[in-house]
Structures are given as C-alpha cells and as structure tokens.
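Please open the structure in your viewer and keep the selection tool at hand. The tour below proceeds one selection at a time.

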Amino acid sequence: MIFVTVGTQKFPFDRLFIELDRLIGEGLLKEEVIAQIGYTKYQPKNFSTSQFLTEDEVEKYMNSSKIVITHAGTSSIINCMKKKKKTVVIPRLSKFNEHIDDHQIEIATLFKEKNAVELVENIEDLQKKIQECESKEYNFLTFDNQLLLASIRDYITGN
C-alpha cells in the first residue's frame, strides 16, 4: 500500500493527485493508494481519499504502507524516517500556487543529499521514482537523544 499525505497547508496540490490518478487509471501503478488530500481541489477517481485524517489514522496508514508519498513538510519527512519508511517527496512549488515560496525544494534536496528520500523534481517522473524507491536502500536517520540527555545530566550534576 502507498500512503499519500500532503499535510494541512491551505494550498491545493492538484498536480500530485492528477498524476497519481492518471498512473492508476492507465494501469501503470497497481499498488493500493490511500491519500490525505488536504485542500486539493481535484478529486481523484481511482483511489481512496480523505481531506484530513486524525493522528491515529495517519499512524495506522503510515505503519501499514510500503511507501509514503509526501510533500516536503519537515514533520512529514521526519515522521517517515522515524518509521523507516521509503519516502517519495514532492516539494510544493509557488509557480503552481502550492505554497507562498519554494522553501520545500531546499528541504527535499537536503534529505535527498543524505540519501534519506526519493525526490521528485518533475511530476512526470513520479512513476519512475516510485519504482526506484521500491528497490533502493536509504539511510534512515536515528533519533537517539541519550548523548544529549547524558550531557544535560552531567551539566546539572556538575560532572
């Protein structure tokens, strides 16, 4: 299953869902897709969608998914990395009125350079990037804060 989440930004993300709908409709993507579409105006015909999901629903779908497709929201990407999910990231772009600027390109590029995600720069490459993601190994960051806690403990206790 592929889970798609685009966060709660008050901007549409039509080009992502139009392309996913096309890929499934033409039989080019066979995997089940479940999507949280936020303020997207386009209504896909070929897969299940919800405008928004509860935190528990996001957890359930993310845990059940083989791949997560997401916008380049930091929280969404880090959540995928914590769960060691293969992640395809599509930055929202201002030229499509998907955000007020293009800061998501910088975020997505940073994670791509760390080999933590698959970056889609052109929506026409979505199918190819999903296929690459299935067979590729990624560097999932670890979030171990034990060193930080020990340092704080040492500072407080004077060690």
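**Strand 5 and its surroundings**

Begin by selecting strand 5, residues 86-89, in this predicted model. Both of its faces are covered: Lys86 and Val88 lie on one side, Thr87 and Val89 on the other, and all of them are buried.

Next, add strand 4, residues 67-70, to the selection. Strand 4 runs parallel to strand 5 and is joined to it by four bridges. Within this pair, valine 68 stands opposite threonine 87. Now display helix 3, residues 74-82, as well. Strand 4, helix 3 and strand 5 together form a β-α-β unit, and this unit is right-handed.

Which strand should be selected next as a parallel partner of strand 5? It is strand 6, residues 118-119, which pairs with strand 5 over two bridges. Here valine 88 of strand 5 is found opposite glutamate 118. Adding helix 4, residues 103-113, completes another unit: strand 5, helix 4 and strand 6 make a right-handed β-α-β arrangement.

**Glutamine 36**

Finally, turn to strand 2, residues 33-36, and select glutamine 36. Is this residue buried or exposed? Its relative accessibility is 4%, and because buried means under 20%, glutamine 36 counts as buried. Follow the side chain of glutamine 36 to the backbone oxygen of glycine 7, which it reaches at 2.9 Å. Then show the residues in contact with glutamine 36, leaving aside neighbours within four places in sequence. These include Val4, Thr5, Val6 and Gly7, together with Phe17, and also Ser50, Gln51, Phe52 and Leu53.

Note on methods. Residues are numbered from 1 along each chain as its sequence is written. This is a predicted model: local features need pLDDT of at least 70, side-chain atom pairs count only at pLDDT 80 or more; totals for chains, interfaces and linings use all residues. Side-chain values use heavy atoms; hydrogens and water are left out. Buried means under 20% relative accessible area, exposed over 50%, partly exposed in between (1.4 Å probe, protein chains only). A polar contact is a pair of N or O atoms within 3.5 Å; within protein, one must be able to donate a hydrogen and the other to accept it, and residues adjacent in sequence count only if both atoms are side-chain atoms. Contact means heavy atoms within 4.5 Å. Two strands pair if DSSP finds at least two bridges between them. A crossover is right-handed if, with the strands pointing away from the viewer, the path from the first strand over the helix to the second runs clockwise.
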